[in-house]
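Please open the structure in your viewer, keep the sequence panel beside it, and follow the stops below in order, selecting what each one names before you read on.

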Amino acid sequence: MEKVIEADPQQVFDVLADGWTYSDWVVGTVHVRDVDEAWPRVGAQLHHKAGPWPFSLQDSSTVLLCEPPHRLVIRAGLWPAGEAIVSFSLEPVGTGSTRVRLGEDFAAGPLRWVRNKVNDLVLHQRNKETLRRLADIAKRKVER
């Protein structure tokens, strides 16, 4: 999944690097409980809640790879449902725009084994909305 955002790669990466904003743009994350001071360095964690109350799950996501301002890879936990590897690749397009590629694949747990067309469609729509929200926040930072 990809989207061109009207902001340069550093401005987009600045949003990814601010762990406290994740509940603003990651669809399904309803609350960020804590962010390691080292975020987004490798090994740093973001502690979050996902899903609607009273069924929300508390877990954390861990940075696996960080190459500012071009790449961020996270292991996103949502146990007992499982975990996913989420990657963001940022590539400059022209002047002042960035092509953001978002990849997500279930890496462990029950969600890894329940892959089907319905789940893929839901994940596609979720990631499309996630990129739209990320674009809104990055563009707002440009306008300031």
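Contact, as the word is used on this tour, means that heavy atoms lie within 4.5 Å. Keep in mind throughout that what you are looking at is a predicted model.

**The whole chain**

Begin by colouring the protein chain by secondary structure, where you can find four helices and seven strands. If you follow the chain along its sequence, these elements come in the pattern β-α-α-β-β-β-β-β-β-α-α. The chain has 144 residues, and buried residues make up 39% of them. Among the contacts in the chain with a separation of 6 or more, 40% are between residues 24 or more positions apart.

**Tryptophan 25 and the nonpolar core**

Now select tryptophan 25 and show its side chain. Which residues is tryptophan 25 in contact with, leaving aside its neighbours within four places in sequence? They are Val15, Leu16, Phe88, Thr130, Arg133, Leu134 and Ile137.

Next, widen the selection to the largest nonpolar core, which has 30 residues, and in which Leu16, Tyr22, Trp25, Phe88 and Leu134 are the residues with the most contacts inside it. The elements that give two or more residues to this core are α1 (9–16), α2 (22–25), β2 (29–35), β5 (71–78), β6 (82–93), β7 (97–108) and α4 (117–143). Of these, α4 gives the most, with six residues.

**Threonine 29 and arginine 71**

From the core, move to threonine 29, which lies in strand β2. Is threonine 29 buried or exposed? Its relative accessibility is 13%, and because buried means under 20%, threonine 29 counts as buried. Leaving aside neighbours within four places in sequence, threonine 29 is in contact with Tyr22, Ser23, His48, Lys49 and Ala50. You can also draw a distance from the C-alpha atom of threonine 29 to that of proline 52, which is 23 residues apart from it along the chain, and the separation is 9.2 Å.

Then select arginine 71 in strand β5, which at 33% relative accessibility counts as partly exposed. Not counting residues up to four places away in sequence, arginine 71 touches Phe13, Leu65, Cys66, Phe88 and Ser89. The C-alpha atoms of arginine 71 and serine 87, which are 16 residues apart along the chain, are separated by 7.4 Å.

**Alanine 44 and threonine 62**

The next stop is a pair of residues. Select alanine 44 in the loop between β2 and β3 (45–50), together with threonine 62 in strand β4 (residues 57–67). Alanine 44 has a relative accessibility of 4% and therefore counts as buried, and threonine 62, at 13%, counts as buried as well.

Show the surroundings of alanine 44, and you can find that it touches Asp36, Ala38, Trp39, Ser61, Thr62 and Val63, not counting residues up to four places away in sequence. Seen from threonine 62, and leaving aside its neighbours within four places in sequence, the contacts are with Gly43, Ala44, Gln45, Val73, Ile74 and Arg75. With one of these residues, glutamine 45, threonine 62 is joined side chain to side chain by a polar contact of 3.0 Å. Before moving on, draw the distance between the C-alpha atoms of alanine 44 and isoleucine 74, which are 30 residues apart along the chain and separated by 9.7 Å.

**Glutamate 104 and the largest pocket**

For the last stop, select glutamate 104, which lies in strand β7. Its side chain makes a polar contact of 2.8 Å with the side chain of arginine 126, and another of 3.3 Å with the side chain of asparagine 127. Leaving aside neighbours within four places in sequence, glutamate 104 is in contact with Ala84, Ile85, Val86, Leu123, Arg126 and Asn127.

Finally, turn on the pocket display, if your viewer has one, and look for the largest pocket, in which about 650 Å³ of space lies. This pocket is lined by 29 residues, of which Val27, Leu78, Glu104, Phe106 and Arg126 are the closest to its centre. Two or more lining residues come from each of α2, β3, β5, β6, β7 and α4, and the largest share, six residues, comes from α4. If you colour the lining by residue class, it divides into 17 nonpolar, nine polar and three charged residues.

Methods:
Residues are numbered from 1 along each chain as its sequence is written. This is a predicted model: local features need pLDDT of at least 70, side-chain atom pairs count only at pLDDT 80 or more; totals for chains, interfaces and linings use all residues. Side-chain values use heavy atoms; hydrogens and water are left out. A nonpolar core is a set of buried Ala, Val, Leu, Ile, Met, Phe, Trp, Tyr and Cys residues joined through side-chain atoms within 4.5 Å. Buried means under 20% relative accessible area, exposed over 50%, partly exposed in between (1.4 Å probe, protein chains only). A polar contact is a pair of N or O atoms within 3.5 Å; within protein, one must be able to donate a hydrogen and the other to accept it, and residues adjacent in sequence count only if both atoms are side-chain atoms. On a 1 Å grid over the protein atoms alone, a cavity is a set of points where a 1.4 Å probe fits but cannot get out, and a pocket is an open set with protein on both sides within 12 Å along at least five of seven lines; lining residues have an atom within 4 Å of a point. Grid points are joined across faces, edges and corners, and a volume is the space filled by probe spheres set on the points. Ala, Val, Leu, Ile, Met, Phe, Trp, Tyr, Cys and Pro count as nonpolar, Asp, Glu, Lys and Arg as charged, and the others, Gly among them, as polar.
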